[in-house]
Structure formats: structure tokens, C-alpha cells
Amino acid sequence: MKTLVRLFILVVLIALAVPLPAIQIPQTRREFVEAVAGGARSVKMETFVVERSLGEVYAILQKRVMKCLDVEVKRSGFVGNQMEVSSSDYNPTLRKVGADKAELSLQVVHRPRGIGPTIPPGGLYIMAADVRSTGKGRTEVVLYRPTMGYKDLTRTLRQWTAGEDADCPKMK
């Protein structure tokens, strides 16, 4: 029996010594957008046009994004007989990048942080949008988003950019 335990420990130690392939986490907005556009798993790129000027869309996003998306979500619960506390801190960024273009990014910092690759400043990129004027009173939105877990946020962003009065999405 001791020989089997020693053999098991040796196998585990050898397995730990072999480097695992590095997980690539986008460290910049550009890397995130390129990964989504390149067909990364569990993310999707979608494009839609709204019948509103870039100025109108930007003003709406400016008003809503910081109010609704710059939030911290705290959770607690029992795991076995121990109380666990965690949180997710969402960090949106909205900026004009020219006379006819704006960018929206959404990052999240999870606490406690799990073991793994280096997380970029501001957190993991979970969503981005390129917003650009396509003519008088028309704006194109290219949304880079996850395919799971953020459908309320996606729907709300569509409603906001279309000028609809939608409540803040429930962040998890």
C-alpha cells in the first residue's frame, strides 16, 4: 500500500512539473476585440444600426453607463459550514476616439481572485462596443460580447442606443 501511495505522489509531482500551456487573457481592449473578431470561444460579435446620431447615442451612453454599469456586486453564502464572501467590481469606460467614433469597454474584477494568468488593470474584459456614425441620424454599433451570462446587459445596451428608456440591467 505504501508503494502505491509513493507512486501516486511521484506521478502527481511529475504532472505538476510539466508546464501547462499558458491561457491567453486579453490584456488590452484591442486584444479583446481582436480575439472576439477572430472567433474566440464563448464570445460573439454582432452589428446593428440605430436611427439616431452618434451625438445622441453617446449622450445616452454617457448618462447610463456610469450610473448603471459602474457597480460592485457583493455575494455571500454558506459553502459547507463556512461562510464565503465574494464580489464582482464592474468598471466601464466610455470615450470618444474621433469626431465620428466612440468606444465602450466593460471590465470586471472578481474578489477573491482565483489562481491563474495575470489580469489586466481594471479587470477582465467582458464586453466592448465600437460606436460610429454612418451618416446623418444613423449610428452603427459593433458589440463584442460573451454568448452566456450577460443577455440582460446586451438587451439593455441595444435599447439604450435605440433611445428606449430601459432600466439598469441586473449585474451578477
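User: Which residue takes a positive phi in the hairpin of strand 2 and strand 3?
Analyst: In this predicted model, that residue is Gly 80, with a phi near 70°, and the hairpin has 2 residues between its strands.

User: And how many bridges join strand 2 to strand 3?
Analyst: Strand 2, residues 72-79, and strand 3, residues 82-98, run antiparallel and are joined by 8 bridges. One pairing to look for in the structure is that of Gly 77, whose bridge partner in strand 3 is Glu 84.

User: What about strand 3 and strand 4, how do they run?
Analyst: They run antiparallel, and 11 bridges join them, while a hairpin of 2 residues leads from strand 3 to strand 4. Here Gly 98 has Lys 101 of strand 4 as its bridge partner.

User: Which salt bridge links strand 3 and strand 4, then?
Analyst: Asp 89 and Arg 111 form one, with their closest N and O atoms 3.7 Å apart. This pair links distant parts of the chain, since Asp 89 lies in strand 3 and Arg 111 in strand 4, 22 residues apart.

User: Is Asp 89 buried or exposed?
Analyst: Asp 89 has a relative accessible area of 18%, so it counts as buried, because the cut-off for buried is under 20%. Its partner Arg 111, at 40%, is partly exposed.

User: Switching to helix 4: which of its residues are buried?
Analyst: In helix 4, which spans residues 151-161, the buried residues are Leu 153, Thr 154, Thr 156, Leu 157, Trp 160 and Thr 161. Seen down the helix axis, they fall within an arc of 165°, so they line one face of the helix.

User: What do they pack against?
Analyst: The buried residues of helix 4 pack against strand 1, helix 3, strand 4, strand 5 and strand 6.

User: Which side chains of helix 4 meet in a salt bridge, and why can they reach each other?
Analyst: Asp 152 and Arg 155 meet in a salt bridge, at 2.4 Å from N to O. They are 3 residues apart in the helix, so about one helical turn separates them. In general, residues three or four places apart point the same way, because an α-helix has 3.6 residues a turn. Asp 152, at 28% relative accessibility, is partly exposed, and Arg 155, at 43%, is partly exposed too.

User: How many salt bridges are there in the whole structure, and which residues are linked in a network?
Analyst: A search of the whole structure finds 12 salt bridges, and a network of them links Arg 29, Arg 95, Glu 103 and Asp 130.

Terms used:
Residues are numbered from 1 along each chain as its sequence is written. This is a predicted model: local features need pLDDT of at least 70, side-chain atom pairs count only at pLDDT 80 or more; totals for chains, interfaces and linings use all residues. Side-chain values use heavy atoms; hydrogens and water are left out. Buried means under 20% relative accessible area, exposed over 50%, partly exposed in between (1.4 Å probe, protein chains only). Helices (H or I, at least four residues) and strands (E, at least two) are DSSP runs, numbered from the N terminus. The arc is that of the directions from the helix axis to the C-beta atoms. Contact means heavy atoms within 4.5 Å. Two strands pair if DSSP finds at least two bridges between them. A salt bridge is a side-chain nitrogen of Lys or Arg within 4 Å of a carboxyl oxygen of Asp or Glu.
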